[in-house]
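Welcome! Open your viewer, set the chain to a cartoon view and keep the selection tool handy. We will go from stop to stop, selecting a few residues at a time.

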Amino acid sequence: MLKDSVVKALSDQVNTEYYSAYLYLAMSASADRMGFKGVANWLFVQAREETAHGTHLYQHLLGRGATPFFADIKAPETAYAGIREIFEKVLAHERHVTELINGIASLAVREDDHATYNFIMWYVNEQVEEEASAEEILTKIRFVGDKLDQLYILNTELGARVFTDPFAATAN
Ligand code: FEO
């Protein structure tokens, strides 16, 4: 049985993951309006991944017999000056999420909750990838600068991303 502190922390993380999805949808819409359809695609796929992350946490709470808490999902920022600003904010957000996930891992240790610790390790590892991919794209954007032919290539590259359910082979 999950302790209340762990139920609260995991429920808060469900909210954060859904907020992340909402944030990336807002960024995707902004990129689309700028004409960067490929960037918009990458962010849309990212939003779908975040929804999957939140849903997996929710299902885990139910699977452990807990009642999740629900709260408002805050509205994301919708105005961005360009794709560089978008990815600076993606990276900053993912670093923030990493801190939250690490906090859950630390809580699980304090509460002697080995199952939650084991569960949240997937997210700890995922955050390493999340930060790395945001950093990689941001670095490319910085290198490319205003060179339109290079921006076209980067936009095409990001447009090739397809969604794959990260938990497709997982029962819970
Ligand atoms: Fe679910 Fe981007 O962290």
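## A guided tour

Begin by selecting lysine 89 and glutamate 85, whose side chains meet in a salt bridge with N to O at 2.6 Å. Keep in mind as you look around that this is a predicted model. Both residues of this pair, lysine 89 and glutamate 85, lie in helix α3, 4 residues apart, which is about one turn of the helix.

Now add glutamate 77 to the selection. Glutamate 77 also forms a salt bridge with lysine 89, and here the closest N and O atoms are 3.0 Å apart. Because glutamate 77 sits in the loop between α2 and α3 while lysine 89 belongs to helix α3, this pair ties together parts that are 12 residues apart in sequence. Switch on a surface if you like: glutamate 77 is partly exposed, at a relative accessible area of 36%, and lysine 89 is partly exposed too, at 29%.

Next, select the whole of helix α3, residues 83-110. Its 28 residues reach 40 Å from the first C-alpha to the last, close to the 40 Å expected at 1.5 Å a residue. Just after α3, stop at aspartate 112, which takes a positive phi of about 60 degrees.

Go back into helix α3 and pick histidine 93. Is histidine 93 buried or exposed? Histidine 93 is buried, because its relative accessible area is 10% and buried means under 20%. Show its surroundings, leaving out residues up to four places away in sequence, and you will find that histidine 93 touches Tyr19, Ser20, Leu23 and Tyr24.

Now for a pair of helices: select α2 (residues 37-63) and α5 (residues 148-159). Their axes come within 7 Å and cross at roughly 35 degrees, and α2 passes α5 in a left-handed crossing. Show side chains at the contact: α2 brings Lys37, Gly38, Val39, Asn41 and Trp42, and α5 brings Asn155, Leu158 and Gly159. By class, this contact has 3 nonpolar, 4 polar and 1 charged residues.

For the last stop, stay with lysine 37 and add aspartate 32. Their side chains meet in a salt bridge, 3.1 Å from N to O. Aspartate 32 counts as partly exposed, at 21% relative accessibility. Add Arg33 as well, and you have a network of salt bridges linking Asp32, Arg33 and Lys37. If you want to keep exploring, how many salt bridges does the structure hold? There are 14.

Note on methods:
Residues numbered from 1 in each chain as written. Predicted model: local features only at pLDDT ≥ 70, side-chain atom pairs only at ≥ 80, totals over all residues. Heavy atoms only, no water. Helix = DSSP H or I, 4+ residues; strand = E, 2+ residues; numbered from the N terminus. Expected span 1.5 Å × (residues − 1). Axes fitted to C-alpha atoms, helices over the stretch in contact; angles between N-to-C directions. Left-handed = near helix turned anticlockwise from the far one by under 90°. Contact = heavy atoms within 4.5 Å. Nonpolar A, V, L, I, M, F, W, Y, C, P; charged D, E, K, R; others polar. Buried < 20%, exposed > 50% of the residue type's maximum accessible area, 1.4 Å probe, protein only. Salt bridge = Lys/Arg side-chain N within 4 Å of Asp/Glu carboxyl O.
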